[in-house]
Amino acid sequence: MTGTPHGAAAPVPGEKRGGAGPPRGRGCGSRRGQPGTATATAAPPAPDLSGRGASCDRGEEEPGRPEEPPSAAAMRPWALVLLLGALRTGGAPAPARNVLLLLADDGGFESGAYNNSAIRTPNLDALARRGLVFQNAFTSVSSCSPSRASILTGLPQHQNGMYGLHQDVHHFNSFDAVRSLPQLLSHAGVRTGIIGKKHVGPEAVYPFDFAYTEENSSVLQVGRNITRIKALVRRFLQSQDERPFFLYVAFHDPHRCGHSQPQYGAFCEKFGNGESGMGWIPDWKPQIYSPEQVQVPAFVPDTPAARADLAAQYTTIGRMDQGIGLVLEELRHAGLLNSTLVIYTSDNGIPFPGGRTNLYRSGTAEPLLLSSPEHPQRWGQVSQAFATLLDLTPTILDWFSIPYPAYSIFGTRRVQLTGKSLLPALDSEQPWATAFSSQSHHEVTMYYPMRAIQHQHFRLIHNLNYKMPFPIDQDFYVSPTFQDLLNRTRAGQPTHWNKTLHQYYYRDRWELFDCSRDPTESQNLAPDPRYADVLQLLRAQLLKWQWDTGDPWVCAPDAVLEEKLSPQCRPLHNEL
């Protein structure tokens, strides 16, 4: 490596340098090849997707940032917390506890672990056998950036400020004063790393010591090229020092790409498959499915177009599953599997009608696997306890024995997590039966604020902007499934769907469903006087959560929030 004094380690691209600790490994070694050149805008001529390119070996693709060690004064109390948490009864320090968070992008229940027999996901299935499977896990928001911000803060989107997508013209960011999980972990002496799709900001709120994301790489390379992901995980682990670590691997699969990279197929299912112009991912063995093989979710139209769409999605889920296997093998090879809590989930619902951007169960229910080496008694078991992605930050802090700080985002109002640690569920079944959701935007033009609660088998949704049609995002609009739905509706042909497009667009202000009797959420019980008590109970619970989390929309749509007046919700008399 030119420009480096003999005997000195060159800065690792995408990683901050620490001042203390043992020498770092070189990760990818000294092999040299052609750089991976796939981009988000054009199909390259047969790019090398092997992960052995210049960016991996010589650090020519992504610039690095110098790392400054935290001050000794700031570190001492946190280091003490970690030391005390690591001691066993005999008083000897135990191996450092670590966390690996694996995140799918628009993933659903397409896995054997969730009883889908049409798809082959051996690595997710193996992880489920070594962990606890949650049957009632929910995202707090069915949109990419808001969900990722909520995962990394433990705060709903209306509280952390990430109201919609982060990138490009959407430009949403979390509030500057938010204390994120990577911040809290880093201050406590935990090394942090992210590989894949980050999609949150600002950088000052979401800093990582080791970072290969769309901010310094091609998102296709670090999010879908599983050979590249494997190499980066190896680099992270080989450069690991004495600190415990939190590694966040955020796959870009199985997100749609028909809007951004249509040359690779509706779900980028052709990316890296070895065909002309598609590049080659050496570690990926593509699994091709026919439309007849797939299982069509009840909320998706059962049409040839939707089935072909799902078949393409299955192929990219298979790529992610193989990538998860590679990541776990790197962890095992490094001797760290038995000291690492592994979490697998997804950010939001699948990108089909009723899925992503909706607060129906079909848009918020998520896979969630928790694999703890310290809790083998629950391996292979299924939990009916309710969990939400707001629980991940308190769970990870609990794993590291790190307390949540006392602070405020605005004024003197203290921020409090409304999520819970999931670690007690690894000891025994828990009675948790409530989950909350909050959505305001997806794309910047998609203003359709909703708040929701699921308590036991009842789900209540408050559609604040119910006078307007429900908005459709860009990549879903061009999808074969939605285009077919539009064409069938215009032509007056059967849609093979459980509702009409008009019903999908225009919704009641309050929607109440009994998911035990109506799993497709087709019958709104809110106007039914027999359910008046249930409606009022859930409305009260939802409203309390909104006040507890400082929701600026708490008085909408028929009143204005005036915090210095009493009562704070001042009526508009707007006939709603």
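This report describes a mixed sheet, two of the helices that pack on it, one buried strand residue and two further helices in a predicted model.

Local features are given only where pLDDT is at least 70 and side-chain atom pairs only at pLDDT 80 or more, while totals for chains, interfaces and linings use all residues. Residues are numbered from 1 along each chain as its sequence is written, and side-chain values use heavy atoms, without hydrogens or water.

**Sheet**

Helices (H or I, at least four residues) and strands (E, at least two) are DSSP runs, numbered from the N terminus. The open sheet has 8 strands in the order S4-S3-S5-S1-S6-S7-S2-S8, with mixed pairing. Strand S4 (210-213) and strand S8 (381-388) each have a single partner strand, so one side of each lacks a neighbour in the sheet. From one strand to the next the twist averages 15°. Two strands count as paired if DSSP finds at least two bridges between them. Strand S1 (residues 98-104) pairs with strand S6 (residues 340-346) in the parallel sense over 7 bridges, and Asn98 has Thr340 as its bridge partner in S6.

**Helices across the sheet**

Angles run from 0 to 180 degrees between N-to-C directions, with axes as lines fitted to C-alpha atoms, for helices over the stretch in contact; contact means heavy atoms within 4.5 Å.

| Helix | Strands crossed | Angle |
|---|---|---|
| H3 (residues 122-129) | S2 (132-138), S6 and S7 (365-371) | about 60° to S7 |
| H4 (residues 144-151) | S1 and S5 (245-250) | about 165° to S1 |

**Ile195**

Ile195 lies in strand S3 (residues 191-196). Its relative accessible area is 0%, and it is therefore buried (under 20%; exposed is over 50%, partly exposed in between; 1.4 Å probe, protein chains only). Among the residues that Ile195 touches, not counting those up to four places away in sequence, are Phe210, Tyr212, Leu247 and Val233. Val233 is 38 residues from Ile195 in sequence, yet their C-alpha atoms are 7.7 Å apart.

**Helices H9 and H13**

The expected span of a helix is 1.5 Å times one less than its number of residues. For the 30 residues of H9 this gives 44 Å, in agreement with the 44 Å between its end C-alpha atoms. Of these 30 residues, 23 are buried, so H9 is largely enclosed by the rest of the structure. Gly335, which follows H9, has a positive phi near 75°.

Helix H13 (residues 480-491) has 12 residues and an expected span of 16 Å, which agrees with its end C-alpha distance of 16 Å. Its buried residues are Thr481, Phe482, Asp484, Leu485, Leu486 and Arg488. They pack against helix H9 (304-333), helix H12 (474-477) and helix H14 (501-505). Just after H13, Gly492 has a positive phi of about 70°.
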